[in-house]
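Hi,

Here is the structure I promised to pass on. Have a look at it first, and my notes follow below.

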Amino acid sequence: MAKLGRELSAKGIDVINLSFGEPDFFTPEDVKEAAKKAIDDNFSYYTPVSGYPDLRKAIVKKLKDENGLDYEADDIVVSTGAKQSLANVVMCLVNPGDEVIVPTPYWVSYSEMIKLAEGESVFINATVENNFKITPEELEAAITPKTKLFMFSSPCNPTGSVYSKDELEGLVRVFEKHPNIFIISDEIYEHINFGEGHTSIASFDSVKDRVIIINGFSKAYAMTGWRVGYSVSSREIAKACDKLQGQITSGTSSISQRAALAAYNAGLNSVEDMRTEFKKRRDLVYGLLKEIPGIQVNLPEGAFYFFPEVKSYFGKSYNGLTIYSAEDLSLYLLNEAHVSTVTGEAFGNADCIRISYAAAEEQLIKAMKQIEAALAKLN
Ligand code: PMP
């Protein structure tokens, strides 16, 4: 989609890009200053594989202050982004033939990482009617003696869904009956949450020692390109991740780690500003999207995405072109509405498309109008 969008732009067509998976904000100034200082202070040598000790200590403090969780620095492995942390854990835990339960829609890389580890993904299909969240009964039904791991994000990419404390507790009750299952809790969108606030599944003592929290700096501090993420886990898993990472990438960039430390030391002001702006945009886009006939949409509580169901358009045509799938619709919207989105197939749901609202308000309004006009032509 990005490539096709660029091709259209090269022809002079004004394409509104709503396919981005990153905040459209700049990295906070004090974080940038810390990186510049790190260069001048000669932070230019190899870093410890698991990250600088002071950064890991700052992460321990963050977990205590923001999440009420007790960990030690040796439970943290800093990496080259949450993506690497996820891959570290999947590679360390999943053996060939192990089953990994993944609620759909899921973030694109989960299923691919499981494939790389020669595990089997077992999907639980969540739908818009249930705010794209699974129930304890559905979880229970998916568990087999081969289940090794459960993997989810909350707030979720691509749906923006957030599991409440009560909903997590329902899942925890199931995990209590199955003590051998590990849980990856991807919390990278933790701070882009418009509801009652973030609860980590690690705050339930009965499962804490088998939860691996994944987090990082990409979304909360608009630092996607800096490449800093981390895992928080039992010591045994942390040691395994350290060993694996040590043979593949070593410690992540020295400059980025100094910047990440400054981000945690700076507190949450910039994060609050970003969240306020995202909430305004969410409300705006929700108002416009739900007025479009044939689109079924829920109100996401976090992240910066909508995941509307568009299957009512399948089988409809315009100008000799028939829409058979979400991918067709996404392409149609690019060509006809000049708005780029992402097809739901990539996230394990072929009835939906993902619309990111990491764009300026006037762009969002224009995009929704253009989408509405393009869809109205289909019959
Ligand atoms: N998890 C989810 C749910 C994501 O959306 C992303 C980024 N799009 C990541 C992990 C990876 O984050 P990072 O940039 O820190 O590797």
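**Two domains and a sheet**

In this predicted model, the centres of domain 1 and domain 2 are 28 Å apart, taken over C-alpha atoms. Domain 1 covers 2-21 + 270-376 and domain 2 covers 31-266; these bounds come from an automatic or database domain assignment.

Where they touch, each side puts in residues: 26 from domain 1 and 26 from domain 2 (contact means C-beta atoms, placed from the backbone, within 7 Å). On the domain 1 side, α10 (269-289) and β9 (305-306) each supply at least two residues, and α10 gives the largest share, 7 residues. Helices (H or I, at least four residues) and strands (E, at least two) are DSSP runs, numbered from the N terminus.

Then there's the sheet: open, with 7 strands in the order β2-β8-β7-β6-β5-β3-β4 and mixed pairing (strands pair if DSSP finds at least two bridges between them). β2 (76-79) and β4 (120-125) are the edges, each pairing on one side only. On average, neighbouring strands are turned by 20° against each other, direction ignored. Helix α3 (residues 53-67) packs on this sheet, touching β2 and β8 (229-232), and its direction makes about 120° with that of β2. Axes are lines fitted to C-alpha atoms, for helices over the stretch in contact, with angles from 0 to 180 degrees between N-to-C directions.

β6 (residues 182-186) and β7 (residues 211-216) run parallel, joined by 4 bridges, and D186 stands opposite I214 in β7.

Two housekeeping points. Residues are numbered from 1 along each chain as its sequence is written. Local features need pLDDT of at least 70 and side-chain atom pairs count only at pLDDT 80 or more, while totals for chains, interfaces and linings use all residues.

Cheers

Conventions:
Contact = placed C-beta atoms within 7 Å.
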